[in-house]
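Work through the exercises below with the model open beside you. Each task is followed by a solution that goes step by step.

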Amino acid sequence: MKKSPLAPDSFPELPIIKGVQFATGQTGIKYIDREDIMLAKLSPETTISGVFTSSTMRSASVLDCQSKIGLSTEQGAAILVNAGNANAFTGSDGQASVNRICEALSLKLGLPSSAIFTSSTGVIGEILPDHKITNCIDDLKNTLHDGSIENAAKAIMTTDTFSKGSSATLDIDGKRVSISGIAKGSGMIAPDMATMLVYIFTDAKIGQINLQKLLIKLNNRTFNCITVDSDTSTSDSLICAATGASGVDVSKSSRFSKSLEKVMLDLAQQVVRDGEGATKFITVNVAGAASNKDAHKVAMAIANSPLVKTAIAGEDPNWGRVVMAVGKSGAVANRDHLSIWFGSHLVAERGQIAKNYKEASTAKYMKQSALSIHVDLGIGSSFSTVWTCDLTNDYVKINADYRS
């Protein structure tokens, strides 16, 4: 598959997180001659928190992970991810597959099944041939290595055109704290929790309850502020593991919180940049709303509008479609107070086209690969920012052939 034109030049160099080892392998569940499974083994007492899709059609893996968050990791923990089959909408067979995988890993790694977290991504509704996963466990165990996170990022991809990674390091009281994260996601992206599959590792020391609260708060400012196609996956999972190996307690550290948010936002925006068929990265800013909830409603209505997204794909400054999206959002709005900018170009104000609007210069701006839409509702002081991409012919082609 052709690499997204919005992709970074290369996968970043991520710091090794002490207390985490990775291994990858080939199951052949869907993909031929490529790695499609990842194992992360975590040291004893690792803190694990997570947020998951709110879909009522949650996959067996998601339901299993949700039931284990907060349980003991005294002996250590493990995360196993397969690509090519979502193990979603598979009835009792789905949970049976999860159970068999966790039991096999428990036996081989010497960990309780309650400390093993699985994720599956790919086609919905097909029974997971879990024997192809359990057959790989010995090889995965024997090839665990602390420097294999880049391979792990590649192994969890489905329609992604590039692997996604991000990191941050900071010094606290003279000691180094590191964060490394990977993600996958390209389509079926409209989060209502976190989104897609995301795994973040840190050597910071933090309690489970504190990490869970922090993850939920930061998630609402990062992964819950992106959309590609308005569709929320059955398998969306974000798991954060803190090994504590640095010995630095970050429970009350605002600097750690900001660094973790930086990693999460970078990964979230990389997912948008890899939106299926995307050619434009779009920032939508909404200000002047009556409430934060209304600001977010308007921003997501604009970002999810097929008419807005296709106009941008065609490099057409059709601000009328933005007006439409504001009006349908359900937020409090007043036509005669509304202003709209494309980049620095004021296109509409006080209920009509801006007096100094110039179509030619605005159309030229629309040819850029990174664009912004700014809306001021003019009725309050609340604001929201979300990120999205355009909607192109290639999105249709990718999804029309997804199961082929």
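**Exercise 1.** Which side chain meets that of D130 in a salt bridge?

Before the solution, a note on conventions: this is a predicted model, in which local features need pLDDT of at least 70 and side-chain atom pairs count only at pLDDT 80 or more, while totals for chains, interfaces and linings use all residues. Residues are numbered from 1 along each chain as its sequence is written, and side-chain values use heavy atoms, with hydrogens and water left out.

*Solution.* Begin with the criterion, which asks for a side-chain nitrogen of Lys or Arg within 4 Å of a carboxyl oxygen of Asp or Glu. The side chain of R100 satisfies it with that of D130, at 2.9 Å from N to O. Next, place the two residues: D130 is in the loop between β5 (116-123) and α3 (131-134), whereas R100 belongs to helix α2 (residues 91-109), so that the pair links distant parts of the chain, 30 residues apart. Helices (H or I, at least four residues) and strands (E, at least two) are DSSP runs, numbered from the N terminus. Finally, consider exposure, where buried means under 20% relative accessible area, exposed means over 50%, and partly exposed lies in between (1.4 Å probe, protein chains only). D130 is buried, at 8% relative accessibility, whereas R100 is partly exposed, with a relative accessible area of 41%.

**Exercise 2.** How many salt bridges does the structure hold? Examine some of the others.

*Solution.* The structure holds 12 salt bridges. One of them joins the side chains of R176 and D171, at 2.8 Å from N to O; R176 is partly exposed, with a relative accessible area of 48%, and D171 is likewise partly exposed, at 39%. Another is formed by R221 with E261, whose closest N and O atoms are 3.0 Å apart. This pair also links distant parts of the chain, since R221 is in the loop between α6 (208-219) and β9 while E261 is in helix α7, 40 residues apart. Salt bridges that share partners also join D160, K164 and D274 into one network.

**Exercise 3.** In what order do the 5 strands of the open sheet stand?

*Solution.* The order is β3-β9-β8-β7-β6, and the pairing is mixed; two strands pair if DSSP finds at least two bridges between them. At the edges stand β3 (47-52) and β6 (164-172), each with a single partner strand, so one side of each has no neighbour in the sheet. From one strand to the next, the twist averages 10 degrees. Within the sheet, strands β7 (residues 175-184) and β8 (residues 197-202) run antiparallel and are joined by 6 bridges, with T202 in β8 as the bridge partner of I179. Helix α7 (residues 254-273) lies across β6, β7, β8 and β9 (237-242), and runs at about 170 degrees to β6. For such angles, axes are lines fitted to C-alpha atoms, for helices over the stretch in contact, and angles run from 0 to 180 degrees between N-to-C directions; contact means heavy atoms within 4.5 Å.

**Exercise 4.** Which strands are at the edges of the sheet that contains β13 and β15?

*Solution.* That open sheet has 6 strands in the order β13-β12-β11-β14-β10-β15, with mixed pairing. Its edge strands are β13 (352-353) and β15, each of which pairs on one side only. Strand β10 (residues 281-289) runs antiparallel to β15, and 7 bridges join them; here V284 stands opposite V386. Strand β15 (residues 382-389) is mostly covered, as 6 of its 8 residues are buried. Helix α7 also lies across β10 and β15, running at about 45 degrees to β15.

**Exercise 5.** Is T392 buried or exposed?

*Solution.* T392 is buried, with a relative accessible area of 14%, and its place is in the loop between β15 and α12 (393-400). The side chain of T392 reaches the backbone oxygen of G277 at 2.7 Å. Leaving aside neighbours within four places in sequence, T392 is in contact with G277, T279 and A313.

**Exercise 6.** How many residues are in the largest nonpolar core?

*Solution.* A nonpolar core is a set of buried Ala, Val, Leu, Ile, Met, Phe, Trp, Tyr and Cys residues joined through side-chain atoms within 4.5 Å. The largest has 68 residues, and those with the most contacts inside it are I200, F223, V286, I302, I373 and V375. Helix α7 gives the most to this core, with 8 residues. A second, separate core of 29 residues includes F22, A77, A152 and I182.

Definitions and conventions: A polar contact is a pair of N or O atoms within 3.5 Å; within protein, one must be able to donate a hydrogen and the other to accept it, and residues adjacent in sequence count only if both atoms are side-chain atoms.
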